[in-house]
Amino acid sequence: MNKLNIGIVGAGYVGLATGAVLAKFQNDVIFIDISLERIKSILSGRTPIYELGLNECLNYGLKKGYISAFTDIQQVDRNLDFVFICVQTPVTKDNTPDLRYIKNAAKSIGTFLKRQRKYAVVVVKSTILPLTTERTILPILEKYSDKKAGKAFGLCMNPEFLSEGSAVQDTLNPDRIIIGQYDNRSGSSLLNLYRNIKCPKLRVDLRTAETIKYASNVYLATKISYTNEIANICEKIGIDTIDVMKGVGLDKRISPYYLEAGCGFGGSCLPKDLKSFIKLAKSHRYEPRLLESVSTINESQPLRIIELLNSALKDMKGKKVCVLGVAFKPDTDDIRDSKAIPIIKALIERRANVMVYDPKAMRNFKVLKLNIEFAKNIEEALRNADACIIQTAWSEIKKLRPQNFKLMRNKIIIDGRRALNKNDFTDAKIIYRAIGLGRR
Ligand code: NAD
Ligand code: UGA
């Protein structure tokens, strides 16, 4: 089979992982991103984001000559077989989708398709609410290309299920591939592109594909809020939720995944997708009571950390509180909707002196311009601290043992992610409190 030319519009977490893997399968991949900084970074072989294995994949593609990158799709000088839309789809303050980026991407792709002589398939990977492909993207593509979908070009909605931190692995070995197709030819072309990836592949219509994405994310969110609710109850009755969830997760119908209690789910997707799906349901005059509760529990969960801290340190004013981990989860430098943000804001409100440490995400966190200090390493963060909050379970944080906390003035540890082994912290000189850890 001939090498295919694949355009990737939007070189963020999804675009870079998709493109790097397609280049690994020896396709010619052309990244298009409006950020010149991102394009320069890609071409110099340094990924603009931190993702395990992505640099290697990217450099393999660059070395083989499979990868090129531009700031504008109109600069691409050849016909494309596929164009993936991987731009961000944030929500506005009232949780309605901000479709600015996706509309601009569709306009530029449409304009590009106008001069292309060959059939190409446009594949939407960004997460968008049901009907958006049909009602927003399709008309823009047809208008700007002056061509008809299903004839001159194909259209698919192919939701992405990767998790940050394992984006490359998830793209290479997904649990499933969902192909939402405008017509049979579009779906068959995309199915063929994915022929080397072994997993169940489901072909559905465009709006079903869009809905599968939201239904999946809100299920994960529900499982986490369920876990956190059980954890909060365990705390009250003097039981450890970890032991409870071990037993619960052995039921095949439940599975052991997403049963880790913590200070809430963050990131660029679960909170946003949950909120916009709730808004969509309401706009159809349906009250999604379960999903509302999932969201409410998640909003209050970071404040459980403050309650736990308050039970050990009554007055935080002028006290040094260090926060270990500001990324929304380990193995990523992403801080979008990180639960470190509400926790730190609450600490600042209580006039604590906050110092944070994170192995990868501090550069992004500095942009928030919060009135806090940044430590060079864990030791600096812990030195003379009156309390330590664990917000991200990075492996170097999980390795901490009681002797590491000797640097603290007051040895109060609040474990927001159950990163430490409670059995290591039985010394009476250390106060160890954790989400879902009931005290007898
Ligand atoms: P991102 O913010 O990391 O990257 C988006 C990129 O698109 C940016 O580099 C931006 O400069 C670029 N861009 C914006 N408008 C453009 C345009 N008109 N032309 C070219 N480039 C443009 O976003 P992301 O995290 O990769 O998410 C992308 C989409 O995928 C979102 O809809 C998200 O909900 C969904 N998603 C994300 C993940 C994830 O783990 N991050 C997983 C599954 C699905
Ligand atoms: C999530 C989904 O897992 C992906 O399948 C989906 O593609 C993606 O959103 C998306 O649509 O963008 P991601 O945001 O990378 O991926 O992160 P997760 O690993 O799901 O974690 C989300 C949050 O939940 C993190 O803050 C994490 O700490 C928290 N979490 C996760 C828990 O509190 N407990 C758990 O058991 C699992």
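# Two ligand shells, two cores and a few residues to look at

The residues lining ligand 2 split into ten nonpolar, four polar and six charged ones. Keep in mind as we walk through that this is a predicted model. The shell holds 20 residues, and Leu162, Glu164, Lys213, Tyr258 and Cys269 are the closest of them. Among the secondary-structure elements, helix H8, which spans residues 206–237, contributes the most to this shell, with four residues.

Let us look at the polar atoms around ligand 2. An oxygen atom of the ligand sits 2.7 Å from a backbone N or O atom of Glu164. The neighbouring position in our tour is Ser163, where a polar side-chain atom lies 3.1 Å from an oxygen atom of ligand 2. Arg417 takes part as well: an N or O atom in its side chain is 3.5 Å from an oxygen atom of the ligand. How much of ligand 2 does the protein cover? On its own the ligand has 710 Å² of accessible area, and the protein covers 89% of it.

Now move to ligand 1. Here 27 residues make up the surroundings, and Asp33, Thr89, Thr127, Glu164 and Lys272 come nearest. Glu164 may look familiar, since it is also listed among the closest residues to ligand 2. With ligand 1, the side chain of Glu164 has an N or O atom 2.8 Å from a nitrogen atom of the ligand, whereas with ligand 2 a backbone N or O atom of Glu164 is involved. Two further pairs are worth finding on screen. A polar side-chain atom of Lys272 is 2.9 Å from an oxygen atom of ligand 1, and a polar backbone atom of Val14 is 2.9 Å from an oxygen atom of ligand 1. Taken alone, ligand 1 exposes 830 Å², of which the protein buries 92%.

Which elements give two or more residues to the shell around ligand 1? They are helix H1 (13–24) and helix H4 (100–115), and H4 gives the most, with three residues. Sorted by class, this shell has twelve nonpolar, eight polar and seven charged residues.

From the ligands, turn to Glu160, in the loop that runs between strand S6 (153–157) and helix H6 (167–172). Is this charged residue buried or exposed? Glu160 counts as buried, because its relative accessibility of 11% is under the 20% cut-off. Its side chain makes a polar contact of 2.9 Å with the side chain of Lys125. A polar atom of the Glu160 side chain also lies 2.9 Å from the backbone nitrogen of Leu162, and Leu162 is one of the residues closest to ligand 2. Leaving aside residues up to four places away in sequence, Glu160 touches Val14, Thr18, Lys125 and Lys213. Of these, Val14 has the backbone contact with ligand 1 described above, and Lys213 is among the closest residues to ligand 2.

Lys125 and Thr18 lead us on to Phe84, which touches both of them. Phe84 belongs to strand S4 (residues 82–85) and is buried, with a relative accessible area of 0%. Beyond four places in sequence, its contacts also include Ile6, Ile8, Val9, Leu22, Val123, Leu190 and Tyr194. For a sense of scale, the C-alpha atom of Phe84 is separated by 38 Å from that of Lys398, 314 residues apart along the chain.

What about the nonpolar interior? The largest nonpolar core has 57 residues, and Leu309, Leu324, Ile344, Leu347, Ile389 and Phe405 touch the most other members. Helix H12 (residues 340–349) gives the most to this core, with six residues. Ile389 makes a good place to zoom in: its contacts beyond four places in sequence include Ile305, Leu309, Val323, Leu324, Leu347 and Ile414. Another core, of 37 residues, lies apart from it, with Ile6, Ala11, Leu16 and Ile177 among its members.

We finish with the backbone. Most residues other than glycine have a negative phi. Asp146, however, has a positive phi near 60 degrees. It is in the loop between helix H5 (132–145) and S6, and Asp146 is exposed, at 61% relative accessible area. Asn384 likewise has a positive phi, of about 60 degrees. Its place is the loop between helix H14 (378–382) and strand S12 (387–390), and at 43% relative accessibility Asn384 counts as partly exposed.

Key. Residues are numbered from 1 along each chain as its sequence is written. Chains are lettered from A and ligands numbered from 1 in the order in which they are written. This is a predicted model: local features need pLDDT of at least 70, side-chain atom pairs count only at pLDDT 80 or more; totals for chains, interfaces and linings use all residues. Side-chain values use heavy atoms; hydrogens and water are left out. A residue is near a molecule or strand if one of its heavy atoms lies within 4 Å of it. A polar contact is a pair of N or O atoms within 3.5 Å; within protein, one must be able to donate a hydrogen and the other to accept it, and residues adjacent in sequence count only if both atoms are side-chain atoms. Accessible areas come from the Shrake-Rupley method with a 1.4 Å probe; for residues, only the protein chains shown count as cover. Ala, Val, Leu, Ile, Met, Phe, Trp, Tyr, Cys and Pro count as nonpolar, Asp, Glu, Lys and Arg as charged, and the others, Gly among them, as polar. Buried means under 20% relative accessible area, exposed over 50%, partly exposed in between (1.4 Å probe, protein chains only). Contact means heavy atoms within 4.5 Å. A nonpolar core is a set of buried Ala, Val, Leu, Ile, Met, Phe, Trp, Tyr and Cys residues joined through side-chain atoms within 4.5 Å.
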